[in-house]
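Subject: Structure for you to look at

Hi,

Here is the structure I promised to pass on. Have a look at it first, then read my notes underneath.

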Amino acid sequence: ADFALLTHRCGLSLKTAILLNFMSGFSVFLGAVVVLATDVSDQTKGVILAISAGVYFYIGGSSCVPRIQHMTQTAKETLIFFVCFFLGALPIGLVLLNHGHCSAGGHDEHDEDHDEDHDEDHRF
């Protein structure tokens, strides 16, 4: 999708579009390496993930959804769009089912027995 946008909408050459698309993808890899190689707190990871999710919500809400609404002609096409959107979002939600929670105050607010019981509730 990025490649098509860069070549058709932006009018970039094939070589430039490939280079920019590669750099965009590589930045994600580089960011993952930096986060895994450094001692980043859970709170910082949460902030990074929240900002990333916000960017995707913004792109979807401001760019993608209005274009799809403009392109869909019938209620059936709109329903197909939302079903496809849901099927794309479902795996992301399923990943979060097993995600533990972090509190900014640390573990001082909870006792260890409570944390162990709570963690068992989130396992498959």
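How much area does the protein expose, and what share of it do carbon and sulfur atoms supply? The protein exposes about 10,500 Å², and 67% of that comes from carbon and sulfur atoms. (Accessible areas come from the Shrake-Rupley method with a 1.4 Å probe, and for residues only the protein chains shown count as cover.)

Before you go on, some housekeeping. This is a predicted model, where local features need pLDDT of at least 70 and side-chain atom pairs count only at pLDDT 80 or more, while totals for chains, interfaces and linings use all residues. Residues are numbered from 1 along each chain as its sequence is written, and side-chain values use heavy atoms, with hydrogens and water left out.

Now the overall picture. The protein has five helices and zero strands (DSSP runs numbered from the N terminus: H or I of at least four residues for helices, E of at least two for strands). Of its 124 residues, 6% are buried, meaning under 20% relative accessible area, with exposed over 50% and partly exposed in between.

Helix α3 covers residues 42–71 and reaches 41 Å from first C-alpha to last, close to the 44 Å expected at 1.5 Å a residue (that is, 1.5 Å times one less than the number of residues). At G60, α3 bends by about 40°, which is the angle between axes fitted to the seven residues ending there and the seven starting there.

Next, L12 and L20. L12 sits in the loop between α1 (2–9) and α2, and L20 lies in α2 (residues 14–37). Leaving aside residues up to four places away in sequence, L12 touches L6, T7, A17 and L20 (contact means heavy atoms within 4.5 Å). L12 counts as partly exposed because its relative accessibility is 29%; L20, at 36%, is partly exposed too.

L20 also helps make a nonpolar surface patch of about 860 Å², along with residues including F22, M23 and F26. Patches use residues with over 30% relative accessible area and no salt bridge, joining like charges within 9 Å and nonpolar side chains (Val, Leu, Ile, Met, Phe, Trp, Tyr) within 5 Å; a salt bridge is a side-chain nitrogen of Lys or Arg within 4 Å of a carboxyl oxygen of Asp or Glu.

Cheers

Notes. Buried < 20%, exposed > 50% of the residue type's maximum accessible area, 1.4 Å probe, protein only.
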